[in-house]
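Please walk through this model from its overall make-up to its helices, its charged pairs and its empty spaces.

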Amino acid sequence: MLSRFAFRSVRAALPPSLPPQALLSSAAAAPAEDALEGSRGEIVTFLTLNNISDNPGSRKKRRRIGRGIGCSKGKTCGRGHKGQRARAGKNVRPTFEGGQTPLHKRLPKRGMTNVHATPMTPINVGTLQDYVDMGRLAVPSPDASPLTITDLVDAGIVKKSSVKHGVKLLAKGRERLQSPLRLEVSRASRSAIDAVEEAGGEIATVHLNRLALKALLKPHKFDVIPRRALPPPKLMPYYTSYENRGYLSPEVQMRQLRKKLGDLSPTVEGDK
């Protein structure tokens, strides 16, 4: 008698035209092999846990080393005699060239890094106008305080971490500037100054050292806000020049004093 699984296998292998009665008669008259040969079928082997295996040749047996000359890697195990590579925990860096002068020392040096440089974060006047149009930057009123670097950071124009030494205002997009902005930045180009003042705004360049910049951007880290230091002698000519709208120039100081006193009549050429 055929088992239940063998009967199903033989029935699946039979052609569709052969009725089940022929299967029963052939199973009763001859062994299962004769029935399969007559019906051109084959026995199906079911996949179970005891016959699971990898495909032939899919896993190559590794070579065992240190087991004599019969394994082809006996005695020194393929490492050779002595030396750094023969020891345990060998550590030869990938760029090691055998002791000769390495490539990174054979190439000439180029350029330098100025450790005394104070690069400014650039901001264009066109970008300020775009943020004003989006409603993310408010135009200050004549009685309000001017926009500082903190307001530019809060508006998302620059990141707080990217401002290392200050912000410099540039004139790209000056044809789009229409809002009368009042600004206090670290530096400003001559074209940017003209663009801001032509739109009816004001600008003043203020010196901020690292401590003053940190106090301006992160006041929560100070119990008492420190006083701002004066510019060093090297930068004093810049911040005392009215062409740069330096905050130490007499014209800018007079303008700020007149605003505090409530007199808004222009007395300096270039005031709006």
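Half of the longer-range contacts span a long stretch of chain: among contacts between residues at least 6 apart in sequence, 50% join residues at least 24 apart. The model is a predicted one. Its secondary structure comes to 10 helices and 5 strands. Of the 272 residues in the protein, 29% are buried. The protein exposes about 19,800 Å², and carbon and sulfur atoms supply 53% of that area.

Two helices show how burial is arranged. Helix α5 covers residues 125-134, and its buried residues are Val125, Gly126, Leu128, Gln129, Tyr131 and Val132. The cover over these residues includes the strands β1 (121-124), β2 (167-170) and β3, together with the helices α6 (149-155) and α7. After α5 comes Gly135, which has a positive phi, near 85°.

Helix α7 has Ala192, Ile193, Ala195, Val196 and Glu197 as buried residues. These residues pack against α5 and against the strands β2, β3, β4 and β5. Helix α7 is also followed by a glycine with a positive phi: Gly200, near 95°.

Just ahead of α7 is Ser189, in the loop between β4 (187-188) and α7 (190-198). Is Ser189 buried or exposed? Ser189 counts as buried because its relative accessible area is 18%, and the cut-off for burial is under 20%. Leaving aside neighbours within four places in sequence, the contacts of Ser189 are Lys168, Leu169, Leu170 and Ala171.

Charged pairs are the next topic. Side chains of opposite charge can pair when their charged atoms come close. A search of the whole structure finds 9 salt bridges. One of them joins Asp54 and Arg59, with the closest N and O atoms 3.7 Å apart. Arg59 is exposed, at a relative accessible area of 66%.

Another salt bridge brings together the side chains of Arg176 and Asp130, at 3.0 Å from N to O. This pair links distant parts of the chain, since Arg176 is in the loop between β2 and β3 while Asp130 is in helix α5, 46 residues apart. Arg176 is partly exposed, with a relative accessible area of 36%. Asp130 is also partly exposed, at 31% relative accessibility. Helix α5 therefore holds buried residues such as Leu128 and Gln129 as well as the partly exposed Asp130.

Helix α7 takes part in a salt bridge too. Glu243 pairs with Arg190, the closest N and O atoms being 3.3 Å apart. Glu243 lies in the loop between α9 (236-239) and α10, and Arg190 lies in helix α7, so the salt bridge ties together parts that are 53 residues apart in sequence. Arg190 counts as partly exposed, at 46% relative accessibility. Elsewhere, salt bridges that share partners join Arg182, Glu202, Arg255 and Lys259 into one network.

The last topic is empty space. Rolling a probe the size of a water molecule over the atoms shows where empty space is left. The largest pocket has a volume of about 450 Å³. Its lining holds 18 residues, and those closest to the centre are Pro146, Arg182, Glu184, Gln256 and Lys260. Which elements give two or more residues to this lining? They are β3 (182-185), β5 (202-205) and α10 (250-261). The largest share, 6 residues, comes from α10. By type, the lining of the largest pocket divides into 8 nonpolar, 3 polar and 7 charged residues. Arg182 thus appears in two settings: among the residues closest to the pocket centre and in the salt-bridge network with Glu202, Arg255 and Lys259.

The search for enclosed space finds 1 cavity of 30 Å³ or more. The largest cavity has a volume of about 40 Å³. Its lining is made up of Thr148, Ile149, Glu184, Val185, Val206, Leu208, Leu216 and Arg228. These residues divide into 5 nonpolar, 1 polar and 2 charged. Glu184 belongs to this lining and is also one of the residues closest to the centre of the largest pocket.

Notes:
Residues numbered from 1 in each chain as written. Predicted model: local features only at pLDDT ≥ 70, side-chain atom pairs only at ≥ 80, totals over all residues. Heavy atoms only, no water. 1 Å grid on protein atoms, 1.4 Å probe; cavity = no way out; pocket = protein on both sides within 12 Å on 5 of 7 lines; lining within 4 Å. Points joined across faces, edges and corners; volume = space filled by probe spheres on them. Helix = DSSP H or I, 4+ residues; strand = E, 2+ residues; numbered from the N terminus. Nonpolar A, V, L, I, M, F, W, Y, C, P; charged D, E, K, R; others polar. Buried < 20%, exposed > 50% of the residue type's maximum accessible area, 1.4 Å probe, protein only. Contact = heavy atoms within 4.5 Å. Areas by Shrake-Rupley, 256 points an atom, 1.4 Å probe, with all protein chains shown as cover. Salt bridge = Lys/Arg side-chain N within 4 Å of Asp/Glu carboxyl O.
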